[in-house]
Amino acid sequence: MNRLLLFSLLFVACQTGTSQQPITSITQKPDSLPVRNVAFDSSSQYIHVFVALCDNDNQGIVPVPKAIGNGQDPDKNLYWGCGNGIRTYFKNSKEWKLVKQYRMDSLRLERLIFRHVQQPYYLVADAYDGRYIRQCTVDFLNSCAGLLKDTAQVKERTLGINGNARLLAYIGHDGLMDFDLQERFVNTDSIRRDAIILACISRDYFSPHLAATRARPLVWTTGLMCPEAYTLHDALSSYIRNEPVENVRSCAAKAYAKYQRCSEKAAKGLLVSGWK
């Protein structure tokens, strides 16, 4: 698909509340993730990525082409199986090696586990069925607060995920444009995690919820955006090199400018760090 056409579709798709009724009655999955404080391998650092699959039928968006907007089909989904989706882009990266890929359940349709080729980092990415974008958002915020902790297994190694991860990232449509959350995401373990939120106008919509988690926003957005994988990928490259937050944001903006063919100045105006 022509890139400019695709971005136009994405740009329009995020303009919720003006062309469709807001989605406020999405059923929350009863079998949400467990809270587990199982010991995990502390010799590595962990990144957990929550991807709400693009979904024409169950999210408050102007529909994208049917083939890439089916929230129950990760293989073709815009944010997962497409060329710049999380699965495809990271599998093609020279910095990451895929070590495990498997189906989870009816909530999380697929999980990927990558290992960084140089540094002791693991990245776990979950593809949430698009109809459960609310649960994806709640799980992300609970993880930022340390209220939700879990582990994943790779052979004999136990990985720390959810609130056991150092960095949490949310990718997809900003569901908070469509629904309100009544839950409170208050940090209770005094650990400050890092967060990246690549969704439209995420700073405005996520701020009230993220503040109580005490997470540090490394990259989030001031306007409409295309949350494809290159922005996250390059931000993580800087993060893993232990560079300052401004470098992380700058790397994200450079990647966004390159792929979206906009100026770096515009990209830096869109992708910001911190609370102001």
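Here is a walk through this structure, from the whole chain down to a few individual residues.

Keep in mind from the start that this is a predicted model. The protein chain carries seven helices and ten strands. Of its 276 residues, 58% are buried. The contact pattern is worth a look too: take the contacts between residues at least 6 apart in sequence, and 67% of them join residues at least 24 apart.

For one example of a long-range pairing, go to Ala 165, in the loop between S6 and S7. Its partner is Tyr 46, which sits 119 residues away in sequence, yet the two C-alpha atoms are 4.6 Å apart in space. Is Ala 165 buried or exposed? With a relative accessible area of 4%, Ala 165 falls under the 20% cut-off, so it counts as buried. Setting aside residues up to four places away in sequence, Ala 165 touches Tyr 46, Ile 47, His 48, Gly 160 and Arg 193.

His 48 turns up again if you move over to Asp 126, a residue of strand S4 (residues 121-128). Asp 126 has a relative accessible area of 0%, so this acidic side chain belongs to a buried residue. Which side chains does it pair with? Asp 126 makes a side-chain polar contact with His 48 at 2.9 Å, and another with the side chain of Arg 111 at 2.7 Å. Beyond four places in sequence, the residues touching Asp 126 are His 48, Val 49, Phe 50, Val 51, Trp 80, Arg 108, Glu 110 and Arg 111. His 48 is thus a shared neighbour, since heavy atoms within 4.5 Å make a contact and His 48 is listed for Asp 126 as well as for Ala 165.Now for the helices, beginning with H4. The twelve residues of helix H4 (residues 202-213) should span 16 Å at 1.5 Å a residue, and the end C-alpha atoms are 15 Å apart, which agrees. Which residues of H4 are buried? They are Ser 202, Phe 206, Ser 207, His 209, Leu 210 and Thr 213. A bit of helix geometry helps in reading that list: an α-helix has 3.6 residues a turn, so residues three or four places apart point the same way. The cover over the buried residues of H4 includes helix H3 (133-145), strand S7 (167-171), strand S8 (194-198) and strand S9 (216-221). Just past the end of H4, Arg 214 adopts a positive phi of about 70°.

H3 deserves a closer look as a partner of H4. The axes of the two helices, H3 and H4, come within 8 Å and cross at roughly 30°, and the crossing is right-handed. The contact between H3 and H4 involves six nonpolar residues, three polar ones and no charged ones. On the H3 side you'll find Thr 137, Phe 140, Leu 141, Cys 144 and Ala 145, and these meet Phe 206, His 209, Leu 210 and Thr 213 of H4. Those H4 residues also appear among the buried ones of the helix.

H5 comes next. How far apart are the end C-alpha atoms of helix H5 (residues 229-240)? They are 16 Å apart, which agrees with the 16 Å that twelve residues should span at 1.5 Å a residue. Eleven of the twelve residues of H5 are buried, so the helix is largely enclosed by the rest of the structure. The buried set runs through Ala 229, Tyr 230, Thr 231, Leu 232 and His 233, and goes on with Ala 235, Leu 236, Ser 237, Ser 238, Tyr 239 and Ile 240. After H5 comes Asn 242, with a positive phi near 60°.

Positive phi values show up in loops as well. Lys 155, in the loop between strand S5 (149-154) and strand S6 (157-162), has a positive phi of about 55° although it is not a glycine. Lys 155 is exposed, with a relative accessible area of 77%. Ser 190 sits in the loop between S7 and S8, and its phi is positive too, about 65°, again without being a glycine. At 54% relative accessibility, Ser 190 counts as exposed.

One last stop is Cys 262, in the loop between helix H6 (245-260) and helix H7 (264-270). Cys 262 has a relative accessibility of 28% and so counts as partly exposed. Leaving out neighbours within four places in sequence, Cys 262 is in contact with Tyr 256, Ala 257 and Ala 267.

Technical notes
Residues are numbered from 1 along each chain as its sequence is written. This is a predicted model: local features need pLDDT of at least 70, side-chain atom pairs count only at pLDDT 80 or more; totals for chains, interfaces and linings use all residues. Side-chain values use heavy atoms; hydrogens and water are left out. Helices (H or I, at least four residues) and strands (E, at least two) are DSSP runs, numbered from the N terminus. The expected span of a helix is 1.5 Å times one less than its number of residues. Buried means under 20% relative accessible area, exposed over 50%, partly exposed in between (1.4 Å probe, protein chains only). Axes are lines fitted to C-alpha atoms, for helices over the stretch in contact, and angles run from 0 to 180 degrees between N-to-C directions. A crossing is left-handed if the near helix is turned anticlockwise from the far one by less than a right angle, and right-handed if clockwise. A polar contact is a pair of N or O atoms within 3.5 Å; within protein, one must be able to donate a hydrogen and the other to accept it, and residues adjacent in sequence count only if both atoms are side-chain atoms.
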